[in-house]
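Me: Got a minute to walk through a model with me? I'd like to start with a sheet, then hop around.

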Amino acid sequence: MATQADAQELAALRALSASIGLNPHMTQAAGGNTSLKAGDTLWIKASGTWLKDALSDDIMVPVAMAPLLEAVEQRDPAADKPQAFAIEHLNPRGLRPSIETTVHALMPQRVVLHVHCVDTISLAVQADGEAEVARRLGGIEWAWVPYFRPGLPLARGIAEKLRPGVDVLILGNHGLVVAAETVAEAEALLHRVRSLLARPARATAAPDVAALTALAGDYRLPADVKAHAVALDAESLHMAEAGSLYPDHVIFLGQGSVVAKPGEDVAGVIARLGMAPVAILFPGAGVLMRGDASAGADAMQRCLADVTARVDDKARLNYLTPAENDELVNWDAEQYRQKLNAAGTA
Ligand SMILES: [Zn+2]
């Protein structure tokens with residue numbers, strides 16, 4: 001830390017990060033990240049760590065900002081491996097900076113918050129999302145960035161859309177970025193944007209736990225009862241079945257969602273697919289998770305219920321393409337993040 005003021009802001013950012021991390025409508029699992037610029041150093045959440053642990057654990061990594069921005073500018077693939085820019089003597093645990101470090105470096109403001117806010121995502125997956133956001137964010141300097149894989153492609157997409165004064169980004173099929181000069185201002189802007197983008201969730205009936213238990217085999221109920229909603233609402237189920245809506249879904253749950261056919265139990269689904277999916281949706285009953293599903297998978301299954309319940313059921317949706325799904329599954333940086341997640345860094 002360069003100054004006392006920077007140290008105070010970093011402490012404030014850790015407190016805000018923990019509170020963001022504890023709100024499943026704002027961030028899920030190791031998703032979302034926060035940062036503070038102190039002189040030439042960017043303090044950013046480490047890859048694979050959870051924001052909710054920001055107060056109890058050391059999750060912030062220092063990164064040398066100028067060379068990272070130069071790599072983005074030059075379209076140097078090194079920008080896709082931000083660990084090369086970590087300041088090693090200030091990083092005794094050898095943590096890797098977030099895959100999304102470049103998003104934070106590109107924003108000129110001192111404090112940047114990136115969240116997978118379910119209200120934002122629900123709009124960011126609609127084909128008419130940009131127009132719908134424009135209707136709601138009057139008076140705010142915001143920009144819409146279409147979907148790109150996080151890392152260098154997303155950084156280039158943001159660089160094209162940034163203009164002076166922009167402090168809010170809506171990332172297509174992904175989430176929200178807000179930026180400000182202080183932690184307090186960033187928090188206020190985050191809450192303002194969230195409330196402007198908020199939409200009510202469609203209500204659903206209760207899950208049929210008895211029916212699910214009878215079908216379960218080696219599978220188990222989700223950690224969060226709210227995860228069932230996606231299988232209990234016909235519109236949400238239809239949206240989920242049609243494909244992958246945002247990257248962390250693919251990372252933690254695989255491509256799209258598996259829906260059981262009438263009369264099928266878990267064993268029947270596995271036999272039909274020739275593999276055991278992380279989660280299975282049983283229409284009208286609820287969701288079952290594979291016995292070894294991670295805490296991150298549970299958080300993302302709840303997220304799917306929260307997002308789809310807010311999407312306008314008459315809207316056309318943008319799904320990740322087969323190529324976009326594949327590049328997430330076969331991505332070295334994400335395999336690292338999942339490994340940390342499985343190891344219980346959570
Ligand atoms: Zn993200």
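**Sheet, metal site and a few residues**

Reply: Sure. In this predicted model, three strands make up an open sheet, ordered E8-E9-E10, with mixed pairing.

Me: Which strands stand at the edges of that sheet?

Reply: Strand E8 (258-259) and strand E10 (286-289). Each has a single partner strand, so one side of each is left without a neighbour in the sheet.

Me: And in what sense do E8 and E9 pair?

Reply: E8 and strand E9 (residues 279-282) pair in the parallel sense, over two bridges. Val-259 stands opposite Leu-281 in E9.

Me: Which helix packs on the sheet?

Reply: Helix H13 (residues 295-308), which touches E9 and E10. The direction of H13 makes about 165° with that of E10.

Me: OK, switching to the metal. What are the protein donors of the zinc ion?

Reply: Glu-100 through OE, plus His-114, His-116 and His-174, each through NE2. They lie 2.0 to 2.2 Å from the zinc ion. Along the chain, the spacing of the donors reads E-x13-H-x1-H-x57-H.

Me: Where do Glu-100 and His-114 lie?

Reply: Glu-100 is in the loop between helix H2 (65-73) and helix H3 (101-106), while His-114 is in strand E4 (residues 111-115), so the pair ties together parts that are 14 residues apart in sequence.

Me: Are those two buried or exposed?

Reply: Glu-100 is buried at 7% relative accessible area, and His-114 is buried too, at 0%.

Me: What about the site of the zinc ion, regular or irregular?

Reply: Irregular: the angles among the four donor atoms run from 86 to 153°. Four donors count as tetrahedral if all angles lie between 85 and 135 degrees, so the 153° end rules that label out.

Me: His-114 is in E4, so what does it pair with over in E1?

Reply: The bridge partner of His-114 is Asn-33. E1 and E4 pair in the antiparallel sense over four bridges.

Me: How many residues of E1 are buried?

Reply: Six of the six residues in strand E1 (residues 33-38). Asn-33, Ser-35 and Lys-37 point one way, and Thr-34, Leu-36 and Ala-38 the other way. That fits the general pattern: in a regular strand the side chains alternate between the two faces of the sheet.

Me: And how does E1 pair with E2?

Reply: E1 and strand E2 (residues 41-45) are antiparallel, over four bridges, with Leu-36 opposite Trp-43. Their hairpin has two residues between the strands, and Gly-39 takes a positive phi near 60° there.

Me: Next topic: how many disulfides does the count come to?

Reply: Zero. Cys-117 is in no disulfide, and the nearest cysteine sulfur, that of Cys-303, is 9.7 Å away.

Me: Why is there no bond for Cys-303?

Reply: Because its sulfur is 9.7 Å from the closest cysteine sulfur, the one in Cys-117, which is too far for a bond. Both are buried: Cys-117 has 0% relative accessibility, and Cys-303 also has 0%.

Me: Last one. Where is His-249 placed, and which residues does it touch?

Reply: His-249 is in helix H11 (residues 247-253). Leaving out residues up to four places away in sequence, His-249 touches Ser-244, Gly-254, Gly-256, Ser-257, Met-300 and Leu-304. His-249 is buried, with a relative accessible area of 1%.

Terms used: Residues numbered from 1 in each chain as written. Predicted model: local features only at pLDDT ≥ 70, side-chain atom pairs only at ≥ 80, totals over all residues. Heavy atoms only, no water. Pairing = 2+ DSSP bridges. Contact = heavy atoms within 4.5 Å. Axes fitted to C-alpha atoms, helices over the stretch in contact; angles between N-to-C directions. Donors = N, O, S within 2.8 Å, 3.2 Å for Na, K, Ca; no water. Tetrahedral: all angles 85-135°; square planar, octahedral: opposite > 155°, others 65-115°. Buried < 20%, exposed > 50% of the residue type's maximum accessible area, 1.4 Å probe, protein only. Disulfide = S-S within 2.5 Å.
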